[in-house]
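Welcome! Here is a short guided walk through a structure that may be new to you. Please keep the sequence and the 3D view at hand as you read.

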Amino acid sequence: MLETLNAQPQDKILQLIAMYRDDPRSTKIDLGVGVYKDATGLTPVMRAVKAAEKTLWETEKTKTYTGLAGEPAYNAAMVAMILGGAHGDRAASVATPGGTGAIRQALELIKLSNPGATVWLSNPTWPNHPSIIKYLGMKMAEYRYFDAASGEVDFAGMLADLDRVAPGDVVLLHGCCHNPTGANLTMDQWGQVVGLLLQKRVIPFVDLAYQGFGDGLEEDAAATRLIADTFPEVLIAASCSKNFGIYRERTGILIALTSADRKAVVQGNLNFLNRQNYSFPPDHGARLVTMILEDAALRADWQAELEEVRQNMLTLRQTLSDELRKATNSDRFDFVARHRGMFSRLGLTEAQVNVLREKHGIYMVGDSRINIAGLNARTVPILAAAIASVI
Ligand SMILES: Cc1ncc(COP(=O)(O)O)c(C=O)c1O
């Protein structure tokens, strides 16, 4: 049987990680992999997570199965953090293995309820979106999103393409900190997108993987909340990997907003999907998140550290933008300071990206996406000088 399998194409980012690992140069710089790193290159365990883990170790008495949809306290705390205390009465939800698990379950739910629906993705988007949709055999289409020349959102193109969606289609939107571009809609633009999509009678599907990494914990949820306040049905796939720094614990949630009287049926379907795919969702990360969100002192400390992380990335953005101004003698890369989240797409050609890697030991994704958190005060001028030398 297994001899019938064909080799799968290699994941480009995993390939890049391997190339970086095998590069013997001590001066090499990794701007590829999508994890937060501090100035020393470490992806730290957050203080509140450590404290919660200690308490959990001391107090946990059993590791028996938990709820099929996750621990109700986790789901409630996450729904409250994302939706600011509203919509609890119409929110069905399941804990999932990371944000990826939530995306997968959301797509399966779409397939279960409307197999003919087309899922619209921003061009570009996180490569796992089209990959999972293709694997599930679902229909997909793209809407324009990024203007490579300006480094900003191609808003006119986005609206023109979203004007073509059909009733019942699903439109996947990055709630904040767009990956891979770093370019985001203003709240005014979100208002226009929401108005158009409401008129088109589509189902918005929000991927919220970086709440707290852009403009702040509340600010980064603003678009998701606007969508939740406007549409009768909304899917939200959220991840705790980045904002709690618990990548390997696989902690996420899928929220399906519906009417209060449909909630029980939708919840039953979410439970069913968890049961089919992995039965009970992972618990350790979810339990830590619940402990942090429910305890005032732990929550305050977590938010303070998350804010340090956010400010660190903003400082790196500003210094990189300033250094690129000096090195290139132009304002071409000013958008780096305006972008939000962990990533920025620089608008370099693949050939330029290759020279940066081969000649300068600077590793970024082929589409010129950089992870801002891969930089520090020492490497920012090195990157700026190298970019100036290849353009
Ligand atoms: C846009 C986007 N969505 C979802 C995820 C899911 O992350 P995880 O499954 O690690 O929680 C990521 C992670 O890189 C992401 O960038």
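## Two cis peptide bonds

P180 sits in the loop that runs between β7 (170–174) and α7 (187–200). Helices here are DSSP runs of H or I with at least four residues, strands are DSSP runs of E with at least two, and both are numbered from the N terminus. The bond that leads into this proline, from N179 to P180, is a cis peptide bond with omega near 20°.

A second cis bond joins N123 to P124, with omega near 5°. P124 belongs to the loop between β3 (118–123) and α5 (128–135). As background, most peptide bonds are trans, and most residues other than glycine have a negative phi.

## How to read this model

The model is a predicted one, in which local features need pLDDT of at least 70 and side-chain atom pairs count only at pLDDT 80 or more, while totals for chains, interfaces and linings use all residues. Residue numbers start from 1 along each chain, following the sequence as written.

## Two residues with positive phi

R250 is a residue other than glycine, yet its phi is positive, near 60°. You will find R250 in the loop between β9 (234–239) and β10. Is R250 buried or exposed? R250 counts as buried, because it has 21 C-beta neighbours inside 10 Å. The cut-offs are these: a residue is buried if 20 or more other C-beta atoms lie within 10 Å of its own, exposed if 12 or fewer, and partly exposed in between, with C-beta atoms placed from the backbone.

S279 also has a positive phi near 60°. Its loop lies between α9 (263–277) and α10 (284–294). S279 has 9 C-beta neighbours inside 10 Å, so it counts as exposed.

## Two domains and their contact

The domain assignment splits the chain into domain 1 (10–46 + 299–390) and domain 2 (65–294); such bounds come from an automatic or database domain assignment. Taken over C-alpha atoms, the centres of domain 1 and domain 2 are 26 Å apart. Domain 1 brings 24 residues to the contact and domain 2 brings 28 residues, where two residues are in contact if their C-beta atoms, placed from the backbone, lie within 7 Å.

On the side of domain 1 that touches domain 2, α11 (296–328) and β11 (343–345) each supply at least two residues. The largest share of that side, six residues, comes from α11. By type, the residues on that side of domain 1 are 12 nonpolar, six polar and six charged. In this count Ala, Val, Leu, Ile, Met, Phe, Trp, Tyr, Cys and Pro are nonpolar, Asp, Glu, Lys and Arg are charged, and the others, Gly among them, are polar.

## The nonpolar core

How many residues does the largest nonpolar core have? It has 108 residues, and I82, A106 and V170 have the most contacts inside it. A nonpolar core is a set of buried Ala, Val, Leu, Ile, Met, Phe, Trp, Tyr and Cys residues joined through C-beta atoms within 7 Å. Both domain 1 and domain 2 give residues to this core, so it lies between them.

Take A106 as a place to look: leaving aside neighbours within four places in sequence, A106 is in contact with F205, L235, A237 and L254.

## A covered strand

Strand β2 (residues 91–96) is mostly covered, with six of its six residues buried. In a regular strand the side chains alternate between the two faces of the sheet. In β2, A91, S93 and A95 lie on one side and A92, V94 and T96 on the other, and all are buried.

The partner of β2 is strand β10 (residues 252–257), and the two pair in the antiparallel sense over six bridges; strands pair if DSSP finds at least two bridges between them. Within β10, I255 is the bridge partner of S93.

## Around the ligand

Which residues are closest to the ligand? They are G98, G99, T100, S239 and S241, out of 13 residues that surround the ligand. A residue is near a molecule if its C-beta atom, placed from the backbone, lies within 6 Å of it. Helix α4 (residues 98–113) gives the most to this shell, with three residues. The shell as a whole divides into three nonpolar, nine polar and one charged.
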